Structure formats: C-alpha cells, structure tokens
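Welcome, and please open your viewer. We will take a short tour, one selection at a time.

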Protein chains: 2
Amino acid sequence: MRALIVFANPEPDSFNGRLRTVALETLGELGYETEISDLYAQRFDPVEGPQHYPSRCQPNRFNAQTEQEAAAARSCISADVRAEIEKLNRADLLILQYPMWWYSVPAILKGWLDRVLVYGSIYTTTMRYDKGRYAGRRALLSVTCGGPAGSYAADGRNGDFNLFVWPTSYTLAYIGYTILPPFASLGVAAPVTAAQITGVTKHLADCEARYRQHLLTLDSRAPLQFNKWGDWDQHGRLHGGVTVHNAFSRAHADLAQAGSAS
Amino acid sequence: MRALIVFANPEPDSFNGRLRTVALETLGELGYETEISDLYAQRFDPVEGPQHYPSRCQPNRFNAQTEQEAAAARSCISADVRAEIEKLNRADLLILQYPMWWYSVPAILKGWLDRVLVYGSIYTTTMRYDKGRYAGRRALLSVTCGGPAGSYAADGRNGDFNLFVWPTSYTLAYIGYTILPPFASLGVAAPVTAAQITGVTKHLADCEARYRQHLLTLDSRAPLQFNKWGDWDQHGRLHGGVTVHNAFSRAHADLAQAGSAS
C-alpha cells in the first residue's frame, strides 16, 4: 500500500508539519510506503493559465478545460503537473494536510487542484464519481483551524466544519475517491500568554494522539456517502425516489435541528 | 459611489470578461466610478508565505497571521497588497467576477483573499462581522459555472450553488460587508456542435441581460442574513433563543426538503 501526503503549509515546523510527521510514522507502522508533495518546498505554481501551455490548441482564446484536454490528448501536460499525476497514480491513499484559510484551502493547494486534476486525463464527462479515475482509492482531509472548537458547530460563529471541507471533499469524490471522514484539529491558533502556551501544548499533543488513532482505525470508519452516476437523470437531477446521499445531508440536518432548537 | 471589480479569469475575451464589461457599463450608467483589479493581468502572486515578509517578526518560524499583524503594525505590508487594500478602501461596492473551478474560486482569487485580507489591518479579534472594517459597504459574487443549470440544485449532481459560494460570502461578511444575493451564470460551458453554438450564444446573451438587470436592481434586493457579533457567547456558540441567520439556513432547508420529497 502506498500513501501520498499533499502538504500545504509554508512552515515545516508548524503544527501542520507535526501532523505530517504523525501521518508518516503511523502509516509506516501500518506498512504503507509514503510519498510527500510539499507544495511550498516545491514552489508549486498554483495559477492555471496560458503560461503552462506553450503549444495552444486555441491560440487566440484561452480556456482552461479546452487546453487541458488538448494537452492530455497530445501528451504534453507540463512536467510539474505530470509529476503530481504520477504520484496520484501510485497512491492508494491520498491525504491533504492544510490549515483552513478563509474557510477554504490555501491558494497553493487550490491551484494544485486547478492544475493537476486535468480534464481529459483525470476526469472526462463519462469518467466521474463512482466511475471516476481513482475509484476504489481513499482520500482523507486533515485540516487545522485556529478558532475555538465550539465555533465550528452548526450553531457556532464559524459554522459547521463540514461545510468548509465540502468543496474539496466533493472535488475528490468527483474524480472517484472514497472520502474518509475528515480529521479536524480545531482551536490550534498560536498562543499568546504563558498560560495559553501550556494549555495549547497539551491541546496540540492531544490532537496528534487523536490523529494517530484516526489513522490507525481508518479501515473501520464509514466513508462519506455520495450519490452515484446512475442516480442522476440527463439534466443532472436525482431520479425520483432516490435519496440525497452526500456529506451535506448530515450537516444540513444538524443545522436545521440547531435552528429549530434555538 | 465607487465600485471595485476583482476579475479572476486568465482570458479577457472570456464570458467572465463580457460580464465584467456589463458591470462596468451598467454601474457607469448608475453613476458609479469603477475600478478593476485584473488579477491575471497584474500577475498577482496568490501564495501567502515568508517571501512577502523580508523583515520578519518571527524569523525562525513563519506564521501568516503573526507576520501579517506585525507588518500591519509597522506599516510594511508589501506594495502589491497595499495597492489592493487602497482599492478596497475606496470602494462602496465590491464585485468578485470569477469562474467556479472545483466548486470554489480559482487559486489566484483564493490567494487574493489569503494575502489582502490582512490580520491586524482588515480584521482583528474585535473588528469582525457587523463590527467589521467594511461594515456598511456591499459585496456581490458573480460566478460562472459550466454544468447544466439544473445540476446546481439541492437535488442536483453538482449540489446547491449556494453551498459553493458560502466560504467566500462568509469571508466577506467576516470583514464587515453586506452580502448581496450572488449572481449565477449556469450552463456556460464551451459549446462543441454548431447547434450548441447557436443555443449557447443566446443563453450567454440572456445571462448578460439578467446580470444587467441584477445590477440595476441591487438596491431592492434583500442581502443575505448573518448573525451579529452580539449573538454569540464567549465560546463562539449562539446565545440561547437566537436564530441561526445565514445563507445556509435556506440552503439546508431546501436540501432537507429535497431529501424528504424524493
């Protein structure tokens, strides 16, 4: 078994860096061979655009999907993207390790999705969801958030944590991955006072221990539910009688309950 | 009145470019002075990291919030970010014009948020939400999506459109903006066949006309609802008896309904 950890933090010595180490060690114990994409260390360019397509199929008007598809067909995808795709192809388990910035992924990781998930290679109009390129493989988001843990609840100031990881989860489900429950390290902002430092030190150690446990028990965790290709009609709507299965059903139910309870 | 349009598409001649033109013209008719941040044309660097802080307050360990706060306090924010902040400061209305890529904003726009919304300047732990820096000003997301319109419904293959604009909407609400209902141009993928080209040409013209109408009637549109600073307790949870007011309550209710109806 092989795992790829995509690491998107500018500071190797950050708490994200510690979680990366936890994953490397724990997965090693489980018998995984591990690989890292350290996006900052690689100086990965996250900006999708014409500069990556020296030989354009539409020289006068740049469209990302059109150029991606043509580059895939002519085997001239840029070298940095090709290297990332080769890592994905080798990995049975994909982990994205990142700090939540503005309720989303850091730009360098967003651009990794924009550029590496190439139309015509990683997905097509018929190779998606349960028929996706990486069907049968698993993906896990490990996310750190500075705000207090309680604020990421449905009735919290920051809103349900699950809402903010949904776009990335759904992106990976789109290309076929089975999505494992995300691992959230909440309340990990930099401490200020001495008392905070002591409290935070213990909290971070607890998060690391919980993450180790999360990884050791991955096989027993029910993945998130998504609808399958066959559930939708030709307009992209669910066939009658089919239940909405996605990570949001749960989040939505939680929030509706919070709204009615308060 | 002054408006700032942040434009995040690599192709000036794209449909996003046409919507930018619609906004410039329509807002001009309404008496706005307009400014553009064309992120691709500016070659805006979206990667937040140590390279932007030549004089670090913590030289050995990079933390984005810590360095942002220190740079703001010492008035040494990098010139490209300072220019964007000055544009924000001048604008009564902020429009983000972008294509939805992987259920989110393109990386170049994500990085604009990561870098320009500087901790210690644009927000602090007490200057947020209804007490935010840009309280009293308005923001609008204008988003294009390639998939068929029906697929962005609560029971659609792509899920509720409102879910994918939530992280960016909430980010702008966090720094004080009043968030206007987003404008969605759905089903705007590049046409392939001649019949598709005719159909798409009419559809795009319809989207432009709807956008013009959306802008002409902004003042009559009810903004999205968000909870206020005073609604939360010290743990970031809603005080008892306070209703959850955010863009998701509605989306969640829609999805719950879709789930129970099918």
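Two residues are in contact if their C-beta atoms, placed from the backbone, lie within 7 Å. Before selecting, note that this is a predicted model, where local features need pLDDT of at least 70, side-chain atom pairs count only at pLDDT 80 or more, and totals for chains, interfaces and linings use all residues. Residues are numbered from 1 along each chain as its sequence is written, while chains are lettered from A and ligands numbered from 1 in the order in which they are written.

**Stop one: both chains.** Color chain A and chain B. A rotation of 180 degrees with 0.0 Å of shift along its axis lays chain B on chain A, with an RMSD of 0.0 Å (a least-squares fit on the C-alpha atoms of residues with pLDDT of at least 70 in both). This is the relation of a two-fold axis.

**Stop two: helix 4, twice.** Select residues 107-116 in chain A and in chain B: these are the two copies of helix 4, packed at an angle of about 175 degrees with axes 8 Å apart. That makes the two helices roughly antiparallel (angles over 145 degrees count as such). Now show Ala107(A), Lys110(A), Gly111(A) and Asp114(A), which meet Ala107(B), Lys110(B), Gly111(B) and Asp114(B).

**Stop three: a loop in chain A.** Go to Gly159(A), in the loop between strand 4 (138-144) and helix 5 (161-174). Is Gly159(A) buried or exposed? Gly159(A) is buried, with 24 other C-beta atoms within 10 Å (20 or more count as buried). Finally, add Tyr103(A): its C-alpha atom is 9.6 Å from that of Gly159(A), though the two are 56 residues apart along the chain.

Conventions. Axes fitted to C-alpha atoms, helices over the stretch in contact; angles between N-to-C directions. Helix = DSSP H or I, 4+ residues; strand = E, 2+ residues; numbered from the N terminus. Parallel < 35°, antiparallel > 145°, perpendicular 65-115°, else oblique. Buried ≥ 20, exposed ≤ 12 C-beta atoms within 10 Å, placed from the backbone.
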